[in-house]
Amino acid sequence: MTLLLSTIVISSCNKKDGVYSPKEKIDKIYVDSGSGKYLSEDWTWDNKQLKTINYYDTDGTIDHTEVFSYTDNRLSQVDNNEHGETVKYTYDKRRLHQASFYKNNSLYMSCIFEYEDGKLSDIKVTTTEADKGVNAKSTSNPLKHFLPKQSLESIDKVIKENPTRGTISFEIDVEWDGQNISEIAINMGNELSERYFFEYDDKLNPFRNFLGSDLEESLIGHGNYKSKNNVTKYTFTGSVAGLTFSESFLITYTYDGRFPATKSFDGEIEYYEYE
């Protein structure tokens, strides 16, 4: 089974997980969904370390703020105090080992990351309150960095409908093509089976090795953990409760040098400003 991570590093692929130090630091992200361009995110840095991200509503007010905490210069915790949410990250030497999600100080979900030949190969997910699903809409849910929005919603629905209403575990498998994730697979038995296939551009991904943000509910841009480049197309196939489906999505960009300046997806445009 596959859990798709969206942690991203702009430098060499042997950099420690939990260290996000892009060559171009995001300053602000604007969004236009057809009703006019508005400020969506405002990133604050302390030298090379990301400290906070403010998330804005369309009326210009702050909906919530994510606060980033570090231990030995590696990301250890992200707090969303307005929503009572916390994600804690732990590491095994250079690699991310576990992400633990808390709601109002209660453990909600945990993700264990496994590797093969130095690359992420498998994620084991355990939800401890199955009646609440995986909280697909939460910006602090660690799964949002790993999986496309459609997959999160499918898993959320399956878990909520599971009659056991207890702890549920599943896995996510990750396949690579060079420095980009080429495929992920999710299997929850008869209830849910999905496969995602990705294509990329040849420009640099500004979110490589990033953990902690939402970017409009993770529209696949945060569905490519450690991928060097930006997703231009993804296709997903699968079945939910016996019903099969297949669909493809295109993502287009304009660029400022080696990095995206805008990203267009599903009628929405994101604008990136860098420091």
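**Exercise 1.** Is Lys124 buried, partly exposed or exposed, and at what relative accessibility?

*Solution.* Before any value is read, note that this is a predicted model, in which local features need pLDDT of at least 70, side-chain atom pairs count only at pLDDT 80 or more, and totals for chains, interfaces and linings use all residues. Residues are numbered from 1 along each chain as its sequence is written, and side-chain values use heavy atoms, with hydrogens and water left out.

Step one is the scale: buried means under 20% relative accessible area, exposed over 50%, and partly exposed in between, with a 1.4 Å probe and protein chains only. Step two is the value: Lys124 has a relative accessibility of 29% and therefore counts as partly exposed.

**Exercise 2.** Identify the salt-bridge partner of Lys124 and place both residues in their strands.

*Solution.* A salt bridge is a side-chain nitrogen of Lys or Arg within 4 Å of a carboxyl oxygen of Asp or Glu. Lys124 forms such a bridge with Glu171, their closest N and O atoms being 2.5 Å apart. Because Lys124 lies in strand β9 (residues 119–127) and Glu171 in strand β10 (residues 168–177), the pair ties together parts that are 47 residues apart in sequence. Strands here are DSSP runs (E, at least two residues), numbered from the N terminus. Glu171, at a relative accessible area of 29%, is partly exposed.

**Exercise 3.** Compare the accessibility classes of the two residues in the salt bridge between Glu183 and Arg195.

*Solution.* The side chains of Glu183 and Arg195 meet at 2.2 Å, N to O. This pair links distant parts of the chain, with Glu183 in strand β11 (residues 180–187) and Arg195 in strand β12 (residues 192–200), 12 residues apart. Glu183 counts as buried at 15% relative accessibility, whereas Arg195, at 38%, counts as partly exposed.

**Exercise 4.** Find the residues that shared salt-bridge partners join into one network.

*Solution.* The structure holds 7 salt bridges. One of these joins the side chains of Lys28 and Asp27 at 3.5 Å, N to O, and Lys28 counts as partly exposed at 22% relative accessibility. Salt bridges that share partners bring Asp27, Lys28 and Asp42 into one network.

**Exercise 5.** Describe how strands β15 and β16 are paired.

*Solution.* Two strands pair if DSSP finds at least two bridges between them. Here 5 bridges join β15 (residues 252–256) to β16 (residues 259–265), and the strands run antiparallel. Thr252 stands opposite Ser264 in β16. The hairpin has 2 residues between its strands, and Gly257 takes a positive phi near 70°.

Notes. Helix = DSSP H or I, 4+ residues; strand = E, 2+ residues; numbered from the N terminus.
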